[in-house]
Amino acid sequence: MTLMNVVEEKETSEEVILTWRIHRLRDEPQKIGLVALGYGLAFAFWRLAFPYPLGLFLPMIALTGAMAEYLFPVDYKLTNKKVYCSCGPAIKLELLWSDIRRATRGRDGVYLSTLKIPSRLDSFRGIRLRFAQDNEVLVRETVKKLWSQTS
């Protein structure tokens, strides 16, 4: 192993700093009635428009995808190089710390955006790190430390 390989391995190694999981369905069970009502209304209107039973899969997939953050557990991982967020079977997001231009603290989490100024595109260009019940301070401090290292 040459010196060049050792340097490359050191630069590419990714160290996990913090991980946590939230599940909003378990944390906020009082909202399950609204979710059931939304599914029921969507199926009823869709059934009126398309009376074929096979046609009910489209609203089910669309609603489940839209409400995935509530229905499925959300896993967060902060490493020395990237921020990861995964939710359900299909949603996997990641951002390099060097790509993050703005970090905004909210009441339920920290929003990391690739845009320098607030925009309507924010929800498509960033990751919201929701706090678990007991890790707000730890998440804020870790984000501040890791983001400042790459800025």
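Two strands pair if DSSP finds at least two bridges between them. With that rule in hand, work through this predicted model.

**Exercise 1. Find which residue stands opposite Val 83 in β4, and describe how β3 and β4 pair.**

Step 1. Place the strands. Strand β3 covers residues 82-87, and strand β4 covers residues 91-96.

Step 2. Look across from Val 83. Leu 95 in β4 stands opposite.

Step 3. Take a second position. Cys 85 faces Leu 93 in β4.

Step 4. Read the sense. β3 and β4 are antiparallel, with six bridges.

Step 5. Inspect the turn. Three residues lie between the strands of this hairpin, and Gly 88 has a positive phi near 70°.

**Exercise 2. Give the strand order of the four-stranded sheet and say which strands stand at its edges.**

Step 1. Trace the order. The sheet is open and runs β1-β2-β3-β4, with antiparallel pairing.

Step 2. Find the edges. β1 (16-22) and β4 each have a single partner strand, so one side of each lacks a neighbour in the sheet.

Step 3. Add the twist. On average, neighbouring strands here are turned by 10° against each other, direction ignored.

Step 4. Look for a helix. Helix α6 (residues 136-150) lies across β1 and β2, and runs at about 145° to β1.

**Exercise 3. Do the same for the three-stranded sheet, and list its bridges.**

Step 1. Trace the order. This open sheet reads β5-β6-β7, again with antiparallel pairing.

Step 2. Find the edges. β5 and β7 (126-130) each have a single partner strand, so each has one side without a neighbour in the sheet.

Step 3. Add the twist. From one strand to the next, it averages 15°.

Step 4. Take β5 and β6. Strand β5 (residues 102-105) meets strand β6 (residues 109-113) over four bridges. Ala 103 has Leu 112 in β6 as its bridge partner. The hairpin from β5 to β6 passes through three residues.

Step 5. Take β6 and β7. Five bridges link this antiparallel pair. Gly 109 is bridged to Arg 130 in β7.

**Exercise 4. Work out whether α3 and α4 are roughly parallel or roughly antiparallel, and describe their contact.**

Step 1. Read the geometry. The axes of helix α3 (residues 32-49) and helix α4 (residues 57-66) come within 9 Å and cross at roughly 150°.

Step 2. Apply the cut-off. Angles over 145 degrees count as roughly antiparallel. α3 and α4 are therefore roughly antiparallel to each other.

Step 3. Give the hand. The crossing of α3 with α4 is right-handed.

Step 4. Name the residues. From α3, Gly 38, Tyr 39, Ala 42, Phe 43 and Trp 46 take part; from α4, they meet Leu 58, Pro 59, Met 60, Leu 63 and Thr 64.

Step 5. Sort them. Eight residues of this contact are nonpolar, two are polar and none is charged.

**Exercise 5. Decide where in the protein confidence is lowest and where it is highest.**

Step 1. Start with the whole. The protein has a mean pLDDT of 85, and 91% of its residues reach 70 or more.

Step 2. Find the extremes. Helix α1 (residues 3-12) has the lowest confidence, at a mean of 50, while strand β2 (residues 74-79) has the highest, at 96.

Step 3. Check the weak stretch. Residues 1-8 have pLDDT below 50, and this stretch has two contacts in the model beyond near neighbours in sequence.

Step 4. Draw the lesson. Predicted coordinates should not be read in detail where pLDDT is low.

Terms used
Residues are numbered from 1 along each chain as its sequence is written. This is a predicted model: local features need pLDDT of at least 70, side-chain atom pairs count only at pLDDT 80 or more; totals for chains, interfaces and linings use all residues. Side-chain values use heavy atoms; hydrogens and water are left out. pLDDT is the predictor's confidence in each residue, from 0 to 100. Helices (H or I, at least four residues) and strands (E, at least two) are DSSP runs, numbered from the N terminus. Contact means heavy atoms within 4.5 Å. Axes are lines fitted to C-alpha atoms, for helices over the stretch in contact, and angles run from 0 to 180 degrees between N-to-C directions. Angles under 35 degrees count as roughly parallel, over 145 as roughly antiparallel, 65 to 115 as roughly perpendicular and the rest as oblique. A crossing is left-handed if the near helix is turned anticlockwise from the far one by less than a right angle, and right-handed if clockwise. Ala, Val, Leu, Ile, Met, Phe, Trp, Tyr, Cys and Pro count as nonpolar, Asp, Glu, Lys and Arg as charged, and the others, Gly among them, as polar.
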